[in-house]
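Notebook open, new structure on the screen. I want to look up how one helix packs and where charged side chains pair.

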Amino acid sequence: MSEFRILALGDVVGPEAVKYIGEKLWDFRRANNVNMVVCNAENACVGNGLDPQSADKLLSVGCDILTGGNHIFRKKEIRRYLDDSRSLIRPANYPFGTPGNGYTIARIDGLRILCINLLGTIYLEPLACPFATVERILEREAGRYDLAVLDFHAEATSEKIALGIHFDGRIHAIFGTHTHVATADTKILPNGSGYVTDLGMSGPPDGVLGIRADIIIEKLRTKLPVKFEFATGATEVNGVIFTLDADTKRAVSVERIKF
């Protein structure tokens with residue numbers, strides 16, 4: 001068996017999380033024999049979104065592919081970066097002409113890894129159908145990749161689970177992002193795909209989804225506008241390691257991690 005291990009990291013929230021990942025990731029990769037890291041980075045900088053400096057930092061400290069979501073275009077300066085980079089992707093079901101690419105093929109340790117980013121349409125933007133979007137990508141790239149990975153940035157757990165079942169056996173590691181709350185349903189689906197509904201968050205765990213709790217409580221109680229500020233304190237990184245058999249193209253294990 002030829003094992004290929006993919007570490008998927010949940011939504012990075014704030015500059016302190018970027019810094020912490022920079023201090024810890026390479027050591028974690030070596031200790032856990034990780035071949036590849038895919039990281040959702042759409043909330044990595046102040047004010048939500050992602051800026052080029054944060055993207056460069058994450059890519060320099062051990063992340064191979066960065067994915068986005070509904071906040072990926074928040075910073076205008078990231079749009080040209082998206083056009084120029086093959087290591088940062090945005091949801092593939094945005095309209096034609098949107099900056100950047102919805103998928104990429106990375107060559108790592110002798111394998112071609114197709115990485116797709118997708119945005120859910122329940123409670124989020126009314127984009128193109130996620131199912132049809134992925135079908136077109138798989139048809140277009142047939143024969144050009146060895147393993148496929150999907151970050152489905154979506155709100156509804158039902159939409160994530162349904163998409164995972166639909167592409168079981170065709171996309172080999174399927175994980176959800178966006179809610180910042182880790183789910184306890186790591187599994188290998190019947191046709192061999194590794195799956196989890198949500199990776200969780202990489203950021204300060206003592207707030208509310210990475211934001212100071214008092215600010216969120218004020219907003220929920222008063223319904224008035226507030227200025228979000230990141231929670232302080234220790235940083236926690238959440239994710240999942242997918243171990244894939246590169247020969248059979250089936251998941252061997254799906255292991256939740258936290259550091």
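I started with what α4 leans on: its buried residues pack against β5 (103-108), β6 (111-119), β7 (147-153) and α5 (157-166). I'm reading this off a predicted model, by the way.

Next I looked up which residues of α4 (130-140) are buried, and I got Pro 130, Thr 133, Val 134, Ile 137 and Leu 138. They span an arc of only 130 degrees around the axis, so they sit on the same side of α4. The spacing fits the textbook: an α-helix has 3.6 residues a turn, so residues three or four places apart point the same way.

Then I moved on to charges. How many salt bridges are there? I noted nine.

I picked out Arg 212, which is in a salt-bridge network with Asp 214 and Glu 229. To Asp 214, the closest N and O atoms are 2.6 Å apart. To Glu 229, the N to O figure is 2.7 Å. That second pair links distant parts of the chain, 17 residues apart: Arg 212 is in the loop between β11 (201-202) and α6 (213-222), and Glu 229 is in the loop between α6 and β12 (238-245).

I checked exposure for the three as well. Arg 212 is partly exposed at 28% relative accessibility, Asp 214 is partly exposed at 43%, and Glu 229 is partly exposed at 37%.

Last entry: Lys 258 and Glu 236 form a salt bridge, with their closest N and O atoms 3.9 Å apart. Lys 258 is in strand β13 (250-258) and Glu 236 in the loop between α6 and β12, so this pair ties together parts 22 residues apart in sequence. Lys 258 counts as exposed at 57%, while Glu 236 is partly exposed at 22%.

Technical notes: Residues numbered from 1 in each chain as written. Predicted model: local features only at pLDDT ≥ 70, side-chain atom pairs only at ≥ 80, totals over all residues. Heavy atoms only, no water. Buried < 20%, exposed > 50% of the residue type's maximum accessible area, 1.4 Å probe, protein only. Helix = DSSP H or I, 4+ residues; strand = E, 2+ residues; numbered from the N terminus. Arc of directions from axis to C-beta. Contact = heavy atoms within 4.5 Å. Salt bridge = Lys/Arg side-chain N within 4 Å of Asp/Glu carboxyl O.
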